[in-house]
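Biologist: I would like to learn how to read single features in a model like this one, going slowly from one residue to the next. Could we begin with the model in view?

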Amino acid sequence: MPERELAPRYDPAAIESAIYQRWIDADIFTADRTSGKDPYVIVIPPPNVTAVLHMGQGLNNTLQDVIIRFERMRGREVLWLPGTDHAGIATQNVVERALAKEGKTRQELGREAFVERVWKHVEWAGGTILDQLKAIGASCDWSRTRFTLDEDYSAAVKRVFVQLYEDGLVYRGHRVIHWCPRCLTSLSDEEAEFHDREGRLWYIRYPLTDGSGQGHVTVATTRPETMFGDVCLVHHPDDEQHRAVTGKTVHIPLTDVGIPIDVSSAVERGFGTGILKVTPAHDANDFDIANGMDRELDRPVVIDEHARMVDTDRVPDVLRGLDRDEARKKLVELLKADGLLAKEEPYQHAVRQCYRCGTVVEPRLSDQWFVDMKGLAEPALKAHREGRVRFIPERWGKVYEKWLTEIRDWNISRQLWWGHRIPAWYCEAEGCGKIIVSEDEPETCDCGAALRRDEDVLDTWFSSWLWPFATLGWPKETEDLKHFYPGHTLVTGPDIIFFWVARMIMGGYYCLGERPFETVYLNGIVRDSLHRKMSKSLGNGIDPLEVVERYGADALRYTAVAGAAAGADVVMDRDDMDATFAAGRNLGNKLWNVARFILSNLDGTPPSLSDLDTSQLELADRWILSRLQHATREVTDHLDAFRLNEAAGAVYHFLWDELADWYVEQAKPRLQGKAPGGDAARATLIATFETTLRLLHPIMPFITEELWSCMPGEREPLLAGAAWPVPQADLVDVDSEERFELVKSLVSAIRTIRAEYGVKPGKGVRAAVETASNLAREAIEAQLGTVERLAKVEELTLDGFDETVGAHAVLPDGTAVFVPLGDAIDVAAECGRLAGEMERLGKQLHAVTAKLANENFTTRAPAEVVERERRKEQTWRDQRDTLAVKRRSLGC
């Protein structure tokens with residue numbers, strides 16, 4: 001493969017799109033189930049077709065791509081299956097907001113026209129999202145792209161609904177559910193998220209109806225407006241304080257409605273007054289209490305779907321039609337006026353909010369479709385306990401198990417227009433009441449009457465939980481399904497363990513009797529410099545496409561991976577993008593410059609490493625080749641164990657700190673014809689650099705692919721399809737590593753002395769070394785030229801030293817170094833400067849020591865302030881002692 005000239009500066013924009021097209025043209029990303037290779041499968045968490053990608057998805061998809069590229073290079077038949085999610089409630093909200101800007105509503109458009117409008121949005125957003133994934137380098141199998149409302153996928157959704165219904169696991173239920181009065185739909189437990197907030201606890205007097213006009217029972221509540229839906233008051237059976245009122249009747253305040261006082265073991269005795277109001281149509285716990293009573297109780301609804309007080313005899317006229325918050329405020333005023341409010345107090349409690357719009361949800365009695373989850377959860381729970389499904393980090397496995405053991409039935413119907421329509425039909429004939437659940441649309445009821453289709457759609461997650469196998473063709477027995485299911489790894493965020501991860505595992509066992517994946521790798525959340533989650537509302541988000549345009553995809557990828565310890569949040573600063581993405585950008589520049597140096601020093605066609613006799617290799621050659629084997633093993637082990645950030649750190653360290661900073665610098669004279677051994681240096685450098693490109697490719701695929709195409713010699717045409725490197729035991733050379741490390745430590749020690757004593761960069765120094773062993777002497781003798789050139793030493797002796805004015809250092813093996821400074825610096829001036837520094841430090845030390853000796857300060861100041869002053873004192877004392885040592889070494 002012929003080499004070609006590289007531009008002086010690395011410009012990602014000039015190469016990235018062309019490289020991606022090269023991969024596409026070569027069909028590198030398409031999985032071939034007939035290849036005979038072991039499969040490796042990741043299904044992408046499908047982005048919602050609501051808007052463009054955000055940085056959290058940029059992180060998540062980069063991590064997936066690192067794993068996929070690694071396994072592809074290891075020889076697996078890789079399938080990374082891409083696609084998008086129709087995201088029912090979220091997408092409908094986006095389109096409704098767009099309509100609102102036009103002064104329209106979905107009701108004005110009608111269902112059919114509204115759904116058409118959503119499809120237009122989906123066509124734009126879905127295509128944009130896939131293009132963005134390509135821009136960050138995602139190596140998905142685009143030929144298998146799926147959408148959760150595709151025709152085949154919709155058939156799978158219908159099949160599992162009908163199958164669950166026929167198995168008695170899907171049912172129509174009348175119970176209290178979570179209702180969003182903004183989105184006008186029911187929500188599952190997981191979609192109604194708890195948020196802590198400061199509320200109020202009102203203590204309300206319920207008058208007894210014994211005619212005395214004197215007695216009352218006091219009830220504490222956070223939602224007084226629901227009291228008009230009360231059907232009884234209850235206290236715990238063991239509550240002696242309220243036993244006397246058991247069986248009596250009270251009036252709901254401000255009304256003539258009488259309700260009984262009863263007992264229930266569900267009452268939490270430590271809350272409020274010990275008396276609980278039971279409102280079965282507006283509280284799920286109250287609904288269960290009412291069902292457990294030994295009498296039939298009504299379930300009056302007093303708040304409608306818009307969270308407004310209903311027009312009913314139970315609700316006072318003045319409150320009817322008011323929003324729940326307005327009604328609460330007015331009601332409290334009325335209770336105070338009538339002497340029915342005993343007291344109110346602040347109360348911190350968790351309130352459920354809609355996960356999409358943030359509106360406080362309203363518990364509401366409603367007819368909905370549910371999935372019985374207990375039986376479905378058992379095999380998913382067993383899979384984790386028996387080690388067939390694992391979580392990284394492991395702590396999330398406990399969270400997963402806890403949710404499964406406490407799982408409740410899943411409300412799957414949504415009062416939306418966008419989504420999978422529920423395949424259920426109701427007979428219109430009076431007295432029939434038959435419900436038909438079918439994959440195919442029935443024409444009439446068995447009784448001959450017309451049918452009405454259910455208006456609701458299914459919860460988005462009801463289609464998403466089929467993603468690992470419906471995307472492969474299930475319920476058909478396709479070749480893809482046979483070959484690529486079960487999969488291997490899922491990379492996602494911990495915030496959707498309940499929404500999606502657990503349900504996919506349940507769905508896999510229910511539909512196919514097998515787990516959908518074996519490893520769940522949970523990445524952290526992208527946060528800003530204040531550790532706030534990035535969001536549009538805060539304006540602190542980073543657009544991954546903006547990063548790609550400014551710094552290139554590889555800079556984004558490296559930054560994301562290097563900061564992404566498993567489960568740990570990733571911090572990025574929107575206000576200082578240059579600093580945030582500096583490491584990735586700088587690494588790209590370093591890699592580019594090393595490649596340019598190699599290409600500019602080829603001197604024809606260099607020999608390959610295999611053409612050389614090992615005796616031709618110098619100490620530095622053997623050292624870097626040995627270090628390369630360690631780096632290869634380290635990076636491989638980290639990627640194998642999903643320590644992606646550590647893999648990034650390991651290859652960074654090898655490239656920058658060992659290859660570029662030491663080997664390239666050591667080899668320059670040989671490469672430039674100023675010293676013998678040029679062929680060995682070229683062969684070593686090219687072999688090492690090529691392997692480094694392989695190691696770095698999963699993390700930074702664009703620049704490594706470009707540089708791969710420029711290197712001389714024969715190899716695989718595309719790095720994306722090249723083999724992953726394997727450590728070569730015959731190149732591990734512990735002795736050479738030990739020897740060259742001694743050379744490195746000597747150079748570093750002299751460089752440190754030069755910097756500490758202010759020796760000018762261009763000024764040469766003398767150095768004397770007293771070696772601690774024959775090995776050290778041999779190593780340094782073999783690399784005298786390297787030491788002199790890299791440390792700017794004019795004269796290096798290994799016969800010890802007899803001068804006294806200079807600086808000393810001791811290497812890790814005990815070898816002593818002395819650098820005479822009398823002819824390298826102005827000793828008198830340096831002594832004066834050090835004396836001035838010591839005097840300044842002495843004054844600071846005197847002041848802080850006096851402050852710490854003052855008992856008034858140490859006893860009255862905050863502990864952290866006192867501790868800060870103690871640290872100052874110690875730091876300044878250490879600095880003064882260091883300066884004193886320097887003065888002595890200079891004979892001041």
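Modeller: This is a predicted model, and a good place to begin is T226, which counts as buried because its relative accessibility is 5%, where buried means under 20%.

Biologist: Where is T226 found, and which residues does T226 touch, leaving aside those up to four places away in sequence?

Modeller: T226 is found in the loop between β8 (216–221) and β9 (232–235). Not counting residues up to four places away in sequence, T226 touches K277, T279, H282, V302 and I303. With one of these, K277, there is also a polar contact, made from side chain to side chain at 2.9 Å.

Biologist: How should I read the backbone angles, and which peptide bond is cis, with omega near 0°?

Modeller: The general idea is that most residues other than glycine have a negative phi, and that most peptide bonds are trans. In this model, the bond from I392 to P393 is cis, with omega near 0°, and P393 lies in the loop between β15 (390–392) and α10 (395–405). Another cis peptide bond joins W474 and P475, where omega is about 15°; P475 has its place in the loop between α12 (467–470) and α13 (479–484).

Biologist: What is the sign of phi at L184, and is L184 buried or partly exposed?

Modeller: L184 is not a glycine, yet its phi is positive, at about 55°. This residue is found in the loop between β5 (170–180) and β6 (185–187), and L184 counts as partly exposed because its relative accessibility is 21%, while the cut-off for buried is under 20%.

Modeller: A307 is also not a glycine and has a positive phi, of about 65°, in the loop between α7 (284–291) and α8 (324–337). A307 counts as buried, because its relative accessibility is 3%.

Biologist: Moving from single residues to a whole element, how many residues of helix α22 are buried, and what covers them?

Modeller: Helix α22 (residues 701–708) has 8 of its 8 residues buried, so the helix is largely enclosed by the rest of the structure. The buried residues are P701, F702, I703, T704, E705, E706, L707 and W708. What covers them includes α1 (12–25), α2 (55–73), α5 (111–135), α16 (553–562), α18 (582–600) and α21 (678–696).

Key. Residues numbered from 1 in each chain as written. Predicted model: local features only at pLDDT ≥ 70, side-chain atom pairs only at ≥ 80, totals over all residues. Heavy atoms only, no water. Helix = DSSP H or I, 4+ residues; strand = E, 2+ residues; numbered from the N terminus. Buried < 20%, exposed > 50% of the residue type's maximum accessible area, 1.4 Å probe, protein only. Polar contact = N/O pair within 3.5 Å; in protein donor to acceptor, adjacent residues only side chain to side chain. Contact = heavy atoms within 4.5 Å.
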